[in-house]
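Good morning, everyone, and thank you for making time for this. I would like to walk through one protein chain with you, slowly, and I will put the sequence and the structure up before I begin.

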Amino acid sequence: MRDRTSVGHDPAMSQPDAAALAAVNDLTLKDKAAVVGIGSTPYYRRGQSVPQTPLELAGKATLAALEDAGLTIRDVDGLALYSFGLGGDTSLFAQVMGIPEVRFTAMLTGGGGGAAGSVGLAASAVATGQATCVVSLMTLQQAVNRFGTSFAPRTQSGGQYAAAATPESNFIQPSGLMGPGQMFAVLTMRHMHLYGTTRDHLAEVAISTRANAIRRPTSLMREPLTRDDYFGARMISEPLCLYDFCLETDGAVAVITTTAERAKDLRQPPVYVMGTANGGMGRWGQAITWMNMPDEYFVSSGHRPVAQRAYAMAGIQPSDVDVALLYDHFSPMVLMQLEDYGFCGIGESGPFVADGNIRWPGGTTPVNTHGGNLSEAYIIGMTHVREAVEQLRGTAVNQVVDAEIALATGGPASIPTSATIFRRP
């Protein structure tokens with residue numbers, strides 16, 4: 001673990017509340033479960049995974065994760081999911097894969113905000129004896145439908161993800177808010193207005209993330225990204241240009257969680273779940289699709305209460321985190337998560353990244369060392385969990401020296417957002 005005493009942190013995040021820490025740790029989830037297997041399909045550009053089906057991609061990733069753990073499908077008795085990431089429903093997956101008995105199956109509501117939280121859900125299942133070997137999984141295939149048009153009128157997009165006419169959609173569509181990018185651009189403009197954040201700060205997130213992706217064989221974007229490239233790119237939704245948007249990709253990633261005791265005897269060194277939380281402030285609600293969050297957290301990632309609960313369960317503070325895998329569907333949301341997780345003060349993320357703090361190697365808090373959603377692949381956040389595990393096993397391509405603790409997040413999105421904190425043995 002590296003010294004960060006010179007880095008300023010948000011005082012509100014510096015020390016977990018002692019009473020909250022004691023109460024949460026009484027729940028006995030901390031260190032009671034461990035990730036023992038990770039696996040994935042290749043990552044594909046949008047639509048190029050065809051003729052494979054989503055169910056086929058899900059099965060391949062699951063089998064790869066089980067092989068990594070030294071387990072078989074007959075060991076599986078639980079599924080902990082989010083954002084309909086199975087490629088089918090539990091019953092179909094169980095019968096096709098040959099799972100002997102499903103003792104636990106659950107899914108976090110919402111979308112990508114549940115990514116890291118799905119592993120927390122799995123940890124809860126094994127820690128309470130509801131299951132012994134749980135798969136968390138995300139499968140994505142965008143051959144027909146694109147998330148980028150998910151809020152456009154159906155007559156314009158033609159896809160099943162498009163929004164039907166409702167009171168809610170009738171609020172956002174006339175404003176030109178046809179996809180998440182346009183919606184997060186509104187939060188970004190407000191952050192710029194309040195705190196002086198600039199496109200140079202967004203560029204630092206995009207460029208540093210690309211630099212991490214270049215060395216990773218799984219990355220879809222392996223060419224360097226320069227400042228000239230960034231500032232010469234087409235504007236999609238001001239102030240967000242092409243390189244502020246995540247990739248459009250296909251693929252699947254699976255994670256296997258079991259009990260801490262069983263994990264000691266398996267193929268890979270266990271990666272323990274120290275702390276986990278999901279949810280958010282009630283009036284954060286649907287976030288970008290209603291834009292009526294209270295001013296206190298309108299210009300945020302929506303993660304602040306989740307961060308506080310995850311840190312409290314883990315019994316750590318932001319300076320203890322060695323590598324941060326922050327959900328990066330759009331570059332400015334990395335900035336706002338840096339603030340909400342206490343790596344810098346509220347409104348200070350622009351100067352924080354400008355000083356090189358999120359860079360690998362050499363930064364005080366390396367961020368998205370795998371290339372993230374922006375440059376490796378967008379599998380709705382599960383690549384971040386995979387990277388957290390590889391970092392703590394010591395097998396990451398861009399290895400953070402002596403990494404002991406990793407943070408992975410899901411969202412920013414509508415409730416729930418999520419976080420899981422992992423540690424090495």
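In which strand is the place of A80? Please keep in mind, as we look for it, that this is a predicted model. The residue A80 sits in strand 3, which covers residues 78–82. With a relative accessible area of 0%, A80 is buried, since buried here means under 20%. If you look at what surrounds A80, and leave aside residues up to four places away in sequence, you will find that A80 touches F104, A106, S118, L121, A122, V134, V135, S136 and L137. There is also G117, which is 37 residues from A80 in sequence, while the C-alpha atoms of these two residues are 9.2 Å apart in space.

Let me now step back to the whole chain. The protein chain has 17 helices and 12 strands, and of its 425 residues, 59% are buried. If we take the contacts in the chain with a separation of 6 or more, 77% of them are between residues 24 or more positions apart.

I will turn next to the strands, beginning with strand 1, which spans residues 33–40. Seven of the eight residues in strand 1 are buried, and therefore strand 1 is largely enclosed by the rest of the structure. Strand 1 is joined by seven bridges to strand 8, residues 249–259, and these two strands run antiparallel. To follow that pairing on the screen, you can start from A33, whose bridge partner in strand 8 is T259. Strand 1 is also joined to strand 9, residues 271–279, by two bridges, and again the pair runs antiparallel; here A34 stands opposite Y272 of strand 9.

Which strand do seven bridges join to strand 9? That is strand 12, residues 417–423, and strands 9 and 12 run antiparallel. Within this pairing, G275 stands opposite I421 of strand 12. Because eight of the nine residues of strand 9 are buried, strand 9 is largely enclosed by the rest of the structure.

Now to the helices, where I would like to follow helix 14, residues 331–340, and two helices that pack with it. Helix 9, residues 199–214, packs with helix 14 at an angle of about 95 degrees, and their axes are 8 Å apart. An angle of 65 to 115 degrees counts as roughly perpendicular, so helix 9 is roughly perpendicular to helix 14. On the side of helix 9, the contact is made by H201, L202 and V205, and on the side of helix 14 by S331, P332, V334 and L335. Sorted by class, this contact has five nonpolar residues, two polar residues and no charged residues.

The other partner is helix 8, residues 180–195, which packs with helix 14 at an angle of about 60 degrees, with the axes 10 Å apart. That angle makes helix 8 oblique to helix 14, and the crossing of the two is left-handed. In this contact, F184, L187, T188 and H191 of helix 8 meet P332, M333, M336 and E339 of helix 14. By class, the contact of helix 8 with helix 14 has five nonpolar, two polar and one charged residues. You may notice P332 here, which also takes part in the contact with helix 9.

Finally, I would like to spend a moment on some details of the backbone. Most residues other than glycine have a negative phi, and most peptide bonds are trans. With that in mind, consider D31, which is not a glycine and yet has a positive phi of about 65 degrees. D31 is in the loop between helix 2 (18–25) and strand 1, and at 22% relative accessibility D31 counts as partly exposed. A positive phi, near 50 degrees, is also found in S83, a residue other than glycine, which lies in the loop between strand 3 and helix 4 (90–97). Is S83 buried or exposed? At 17% relative accessibility, S83 counts as buried.

As for the peptide bonds, E238 and P239 are joined by a cis bond with an omega of about 10 degrees, and P239 is in the loop between strand 6 (235–237) and strand 7 (240–241). Another cis peptide bond joins W360 and P361, where omega is about -10 degrees, and P361 lies in the loop between helix 15 (349–354) and helix 16 (372–376). Thank you for listening.

Methods: Residues are numbered from 1 along each chain as its sequence is written. This is a predicted model: local features need pLDDT of at least 70, side-chain atom pairs count only at pLDDT 80 or more; totals for chains, interfaces and linings use all residues. Side-chain values use heavy atoms; hydrogens and water are left out. Axes are lines fitted to C-alpha atoms, for helices over the stretch in contact, and angles run from 0 to 180 degrees between N-to-C directions. Helices (H or I, at least four residues) and strands (E, at least two) are DSSP runs, numbered from the N terminus. Angles under 35 degrees count as roughly parallel, over 145 as roughly antiparallel, 65 to 115 as roughly perpendicular and the rest as oblique. Contact means heavy atoms within 4.5 Å. Ala, Val, Leu, Ile, Met, Phe, Trp, Tyr, Cys and Pro count as nonpolar, Asp, Glu, Lys and Arg as charged, and the others, Gly among them, as polar. Buried means under 20% relative accessible area, exposed over 50%, partly exposed in between (1.4 Å probe, protein chains only). Two strands pair if DSSP finds at least two bridges between them. A crossing is left-handed if the near helix is turned anticlockwise from the far one by less than a right angle, and right-handed if clockwise.
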